[in-house]
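Let's walk through this model together, starting from one strand pairing and working outward to the packing around it.

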Amino acid sequence: MTDRPHVLVLNPNTSDSVTQHLSDTLSLALPEVHIHARTAPFGAHYIADERSFCIAGHAVIEAFERAMGDAPTAGYRAVLVGCFGDPGLHALRESTQVPVLGLAESAVREMGAQGFARMAIVTGGERWQTMLQRWCCSEGHDRTDAPLGITQVHALPATGLQMMQSPQDTAMALAHACHNAMQHASTQAVLLGGAGLAGMGAEVRLLTGLPVWDCVELVAQRLQQMLALPQQAESS
């Protein structure tokens, strides 16, 4: 019997509850994969501003180096930076030949692969609106002629960590924000950005009937294709 592939998931903040949430969500979506989740050894409890984002880039590299010290014998087949915004992503890619995925980059690409070239982002934490607009510019998603375009970024006042702690209220707030986002003439779908929103895509789809996915379920689909895993039943 073939051994299960190993995937390293790095949470760039110091919240163990977020790390566990990521690990649980990915393990449920990818039962054939052994998920190894690590929490950043220093930095912010939750990344919510430019300063904590900058520190997270350093922290995620440290977490990666520590994880490599006791890596499984078979090695990791992929590494995931578990923060929407991808701190430290390019530095990690310089550090290893293992494929490194970022929640934001991979989720946007997977949305495109599903046929949605124009999408809105809904996230938590007011400062993330400006931060993600900057990220969109750096990745070229702000251009009207971009192959994959971000039409708008909506940031709700509560952080992703706060949302994770009250899932029912969060689902309703996200549903309202997604309805508003879909009013933009160019928007074809909505991407829920943030590790704390893992699992919310299916909830919001049930509430709204809209084309909405969260970044973690999209990355799970990306990993499934990368690792050539059997297709899972699609969430409603």
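In strand E4 (residues 100-102), Gly102 is the bridge partner of Val81. This is a predicted model, where local features need pLDDT of at least 70 and side-chain atom pairs count only at pLDDT 80 or more, while totals for chains, interfaces and linings use all residues. Residues are numbered from 1 along each chain as its sequence is written, and side-chain values use heavy atoms, leaving out hydrogens and water.

Val81 belongs to strand E3 (residues 78-81); helices (H or I, at least four residues) and strands (E, at least two) are DSSP runs, numbered from the N terminus. E3 and E4 run parallel, joined by 3 bridges, and two strands count as paired if DSSP finds at least two bridges between them. E3 also pairs with strand E1 (residues 6-11), again in the parallel sense, over 4 bridges, with Leu10 opposite Val81.

In a regular strand, side chains alternate between the two faces of the sheet. On E3 both faces are covered: Ala78 and Leu80 on one side, Val79 and Val81 on the other, are all buried (under 20% relative accessible area, with a 1.4 Å probe and protein chains only).

Now for the packing. The largest nonpolar core (buried Ala, Val, Leu, Ile, Met, Phe, Trp, Tyr and Cys residues joined through side-chain atoms within 4.5 Å) has 48 residues, and Val7, Phe84, Leu103, Ile121 and Leu191 touch the most other members. Helix H9 (residues 215-226) gives this core its largest share, 6 residues. The core lies between domain 1 (6-102 + 219-228) and domain 2 (105-216) because both give residues to it; these bounds come from an automatic or database domain assignment.

Note on methods: Buried means under 20% relative accessible area, exposed over 50%, partly exposed in between (1.4 Å probe, protein chains only).
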